[in-house]
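Trainee: Hi, have you got a few minutes to go through a model with me? I'd like to talk about how its pieces pack.
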Amino acid sequence: MTYTAEEFRQYIRESGRGYYDVSEDERGNLTLITDYADGQVVFHEQDIIELIITTLKDGENAFYLHFRLEDREHALNLFTEMRQTLIELKIKRKHRVLLSCSSGLTTSYFASELSKAADTLRLDYEFSAVSYDHIFEKGFDYDIILLAPQIHFQYEKTKQIFRDAIVMKIPAAIFAQYNTGQLIELVNNSVKQADEADENVKRADPRKPFENPYRILTVGMINHQDRVRIGYRIYDHGKRTLDREVLKQSFSLQDLDDLLDYVFARHHNIDAVALAIPGVTYRGRVFHSDYGLWNEGISFRLRDKYHVEVILINDVNAMALGYYALHENSDDMVFYFQPDGMVGAGAGVIIDGKLRTGKMHAAGEVYNTVSMMVPDARSRINSPEGVMELVTAGMLVYISAIAPQKIVLYSKLTPDTEEIRRSLQKHVADQYIPDIEYTPGLKRYILPGAMVHCLEVLEGYRQSGDWSGYEHKKQ
């Protein structure tokens, strides 16, 4: 028996006791109300449901997905994931402040005193402390990072790595006296300035127009250790008409079905789906041991279900194509992606303006090589020094093998390109080291790159009338 919308509503109402209040509008949509975030369960036609969490502090989406309501267990599992995220936000609702010194001892005492003062004044601050040698394991969970005087020399490096946080030096006079009042005032002023700052992000224009005769749904999955972001976009004859993303803490193949169910229920006449996903993608199949995908025929299954061609590409290959499409002087380059908290880096290779995928489309998978070059590589993933070793080893592979003109890098713990160059100089002469450019974002490239790849496959099919030699040749 099909699980009904009213049964799902009733479960949500009953499961919220002690966690949130529930309100319902005239259309049957539910709002989960807390004093730090709002959750929404939106019921659409064709039994499509959206689950959304929006933080009250900054209006940011903390959770978003959509699915078709059919199976009870699937629906309850997704809602449980939403509810768990809502509960975790309660812990994170305050401004989280991390103090750091060389050992963590003096800042631990200061953090304790600051927490007492914040509680007394009823301020939304939570203070913790950590030694500097562990700051890169803990710091990404904090909004504000304060450095004790003895490690002020680490300020520039720390600020560069924690780009999304407020990084400050604790004045020596305040630290010496453990002056909680002055430090809280200093933090308050910095938060206010950050809130008032304008952030103008420039969108890059393509090096050539994206006009084409197709309507393409692009889906790009970006995986880090702590979160999965699945962006999706419709390019209607090259013009962007839909641009959204799913935010989750884990990934399963069912997530792709949920996303496509939602899009195809609302958008018609889609000519093809371009899916950029981690792992080796070859002729419609995916190989990714971390997800338990061994020769998984994703393209064929989705094509049979939705009656539209589904064209796969590796995530970093899509990023490389996207970068190439949006930047001049990138005909010979490597796009190098070092995921947060993971050894398994990947690379997309552009040579003479063409993406090179190699045998079985496995070009760029340097995990085994880096693991061999860096002893106990997994222990190196949580510090800038360790990740520098991993990135250096991976880049050396490409410098030695293909000598690219440029390497574009995403690696959260190693954003300093000059420091990377100095590391490479220990192994290779400077004249052989390419230009190294750091990019702070990935979504801006993965979706355009997926579309570019899809166009190449569709055009090849149009000219030949046969998929043979392209993505969908079954074996």
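Trainee: In which hand does α8 pass α9, left or right?

Mentor: The crossing is right-handed. Keep in mind as we go that this is a predicted model.

Trainee: Okay, and at what angle do the axes of those two helices cross?

Mentor: Roughly 30°, and the axes of α8 (residues 253-266) and α9 (residues 298-306) come within 12 Å. Angles under 35 degrees count as roughly parallel, so α8 is roughly parallel to α9.

Trainee: Which residues make the contact?

Mentor: From α8 you have L253, D257, L260, D261 and F264. On the α9 side, I298, R301, L302, K305 and Y306 take part.

Trainee: And how do those divide into nonpolar, polar and charged?

Mentor: There are 6 nonpolar and 4 charged residues in the contact of α8 with α9, with no polar ones.

Trainee: Switching to the sheet: what's the strand order?

Mentor: It's an open sheet of 4 strands, ordered β7-β6-β8-β9, and the pairing is parallel. At the edges sit β7 (125-131) and β9 (166-169), each pairing on one side only. From one strand to the next, the twist averages 20°.

Trainee: How many bridges join β8 to β9?

Mentor: 4 bridges, with β8 covering residues 144-147. If you want a spot to look at, L146 stands opposite M168 in β9.

Trainee: Nice. Which strands does helix α3 touch?

Mentor: Helix α3 (residues 105-121) packs on the sheet and touches β6 (95-101) and β7. The direction of α3 makes about 175° with that of β7.

Methods: Residues are numbered from 1 along each chain as its sequence is written. This is a predicted model: local features need pLDDT of at least 70, side-chain atom pairs count only at pLDDT 80 or more; totals for chains, interfaces and linings use all residues. Side-chain values use heavy atoms; hydrogens and water are left out. Two strands pair if DSSP finds at least two bridges between them. Axes are lines fitted to C-alpha atoms, for helices over the stretch in contact, and angles run from 0 to 180 degrees between N-to-C directions. Contact means heavy atoms within 4.5 Å. Angles under 35 degrees count as roughly parallel, over 145 as roughly antiparallel, 65 to 115 as roughly perpendicular and the rest as oblique. A crossing is left-handed if the near helix is turned anticlockwise from the far one by less than a right angle, and right-handed if clockwise. Ala, Val, Leu, Ile, Met, Phe, Trp, Tyr, Cys and Pro count as nonpolar, Asp, Glu, Lys and Arg as charged, and the others, Gly among them, as polar.
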